[in-house]
Amino acid sequence: MSLAAESPSPSSPSSSSGSDDFAALLDAELDFDSAADPSSASAASDDEEDGDEEEGKEEDVVMVVEQEEAKVEQSSSKRRRVEDQHQDEGKAMRPNDDTVGSSKDVKIEICPPHPGFFGGLCFKCGKKQDEEDVPGVAFGYIHKGLTLGTSEIDRLRGADLKNLLRERRLVLILDLDHTLINSTKLLDLSAAENELGIQSAASKDDPNRSLFRLDAMQMLTKLRPFVREFLKEASNMFEMYIYTMGDKAYAIEIAKLLDPENVYFGSNVISNSDCTQRHQKGLDVILGAESLAVILDDTEYVWQKHKENLILMERYHYFASSCRQFGFSARSLSESMQDEREGDGALATILDILRRIHSIFFDSAVQNPLPSRDVRQVIKRVRQEILDGCKLVFTRVFPLHQRPQDQMLWKMAEQLGAVCCTDVDSMVTHVVALDLGTEKARWAVGNKKFLVHPRWIEAANFRWHRQQEEDFPVARPREKSKENAADAASTKEKGKENAASAKDNGKENAADAAIAKEGKENAHDATIAEESKENAHDATIPEESKSDDDPSGVTGL
């Protein structure tokens, strides 16, 4: 939203609003004096009573002139006093004791409370900010040095709420790393990535490319598939913000890649320097109503105060360094020369969810009026539809001696609309297990219930729709795994025994080898002696017998 459209210009201590108030104050002072001064009425009455006498008329004219001169002088004096009071006290008050005809005070409040400060000065009255003034919230991403007070923030949010509802738009806050993009330092590229020439691919002059090299930061950035289409479609339904825990320079560079024409975000690029709490993101720096805000982020814990507004994104791991950061040992997408599909990838899936949220908020037949609707209730409703009708039982998924109701997976399933329980019954639809070796898992197989891995719930949470159960099978029974582990331990023990036997045999073999080596050395010495005799015999051969074809004088080599 445009702050300039809602607030006086902060570029000057004496804003237009303050100037208008001051001018109106002076006009009110002068009008009040004219109405209260009885001299004009008195003069008119004297003229009517003594109209036949010429001397009386001349005296009345002189009196009126003198009274008008006195009134002008009095008005000038009053103007100076009002100006002095406005400058010294920040307010104007009409004097009452020394003014003819004054009956009551006229008081116009200016500041405090101050709506906000720009460069340390109140942008309404021009007063310098001091220690007694409430600091407010800094909005440096809108303009450096801008701070707004609580009342002004509420006023701007209220105005923005009306504008957005009239335009049928909500507010969308977008994280960058692992949500819309994935970045890595050049030094962190793997050997496989360098061999595949990933840096050269990032340097190509292709307007449709999604891989970029940021030379100033010595980084590579990969745009998530479908991100350009996502932003274009979302901008029709939302006023959008970038909100990252990265620094300001990085956020601005990425915003240029995502929005080169600056049509989506404008100045709405928020970085870690704008946060009001360390390692936490908050909607307090957003000039949009919280009841309209939808958040897309891959990290939940940074939104401790606004989890109801959050749609948790599946992380985008393109580079090998990103996989290593989160403990994945598999080859990265870049190393495999693969990527997410655009048509049914994470962003395409979430765009469908955003369309549904927008439609329910504005188009559904709800009882409460539009200004009182809350997008958080819509998000909750859409989320609960994902596993609606499913009744789950967990077996050997949670640690022993801990309440299953307190576990994250249990809570996640309930948020998705499922009913969770600890015992099986005929109404149970799914058994969630890590292997087939439990009684409940065998019950699920025997009663033709769905037996799924816990990742089935996590995938539904990220993809925002129920997943195919067949894609999340459960591993073989744990008992067989134990047998295999016992076999492996037995094999390992035998291996140790073989190693010890080989060590003893090795010592004996080493002794035999030493003897054999000594024999070989003696044989070698004998050979050298024999060759010495042959060389001595060759030395007696005349020079003429050497071959002319061999300049070295050695033949047969």
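Two strands are said to pair if DSSP finds at least two bridges between them. This report applies that term to a predicted model and describes two sheets and a pair of helices.

**The five-stranded sheet**

In the predicted model, five strands form an open sheet in the order β12-β11-β7-β13-β14, and their pairing is parallel. At its edges stand β12 (269-270) and β14 (310-312), each of which pairs on one side only. Within this sheet, strand β7 (residues 170-174) is joined to strand β11 (residues 238-243) by five bridges in the parallel sense. Opposite leucine 172 stands methionine 240 in β11.

**The four-stranded sheet**

A further open sheet consists of four strands in the order β16-β15-β17-β18, again with parallel pairing. The edge positions belong to β16 (419-421) and β18 (450-452); each has a single partner strand, so one side of each is left without a neighbour in the sheet. On average, neighbouring strands of this sheet are turned by 30° against each other, direction ignored.

Strands β15 (residues 391-395) and β17 (residues 430-433) run parallel and are connected by four bridges. Phenylalanine 394 has valine 432 in β17 as its bridge partner.

Two helices that pack on this sheet are set out below.

| Helix | Strands touched | Angle between directions |
|---|---|---|
| α14 (residues 408-415) | β15 and β16 | about 145° with β16 |
| α16 (residues 455-463) | β15, β17 and β18 | about 135° with β15 |

Strand β15 is thus touched by α14 and also by α16. The edge strand β16 is in contact with α14, while the edge strand β18 is in contact with α16.

**The helix pair α12 and α13**

Helix α12 (residues 346-363) packs with helix α13 (residues 375-384) at an angle of about 125°, and their axes lie 10 Å apart. This angle makes α12 oblique to α13, because angles over 145 degrees count as roughly antiparallel and those from 65 to 115 as roughly perpendicular. The crossing of the two helices, α12 and α13, is right-handed.

From α12, the residues Ile353, Arg356, Ile357, Ile360 and Phe361 take part in the contact; from α13, they are met by Val375, Val378, Ile379, Arg381 and Val382. Sorted by class, the contact of α12 with α13 comprises eight nonpolar and two charged residues, with no polar ones. Arginine appears on both sides of the contact, as Arg356 in α12 and as Arg381 in α13.

Key: Residues are numbered from 1 along each chain as its sequence is written. This is a predicted model: local features need pLDDT of at least 70, side-chain atom pairs count only at pLDDT 80 or more; totals for chains, interfaces and linings use all residues. Side-chain values use heavy atoms; hydrogens and water are left out. Axes are lines fitted to C-alpha atoms, for helices over the stretch in contact, and angles run from 0 to 180 degrees between N-to-C directions. Contact means heavy atoms within 4.5 Å. Angles under 35 degrees count as roughly parallel, over 145 as roughly antiparallel, 65 to 115 as roughly perpendicular and the rest as oblique. A crossing is left-handed if the near helix is turned anticlockwise from the far one by less than a right angle, and right-handed if clockwise. Ala, Val, Leu, Ile, Met, Phe, Trp, Tyr, Cys and Pro count as nonpolar, Asp, Glu, Lys and Arg as charged, and the others, Gly among them, as polar.
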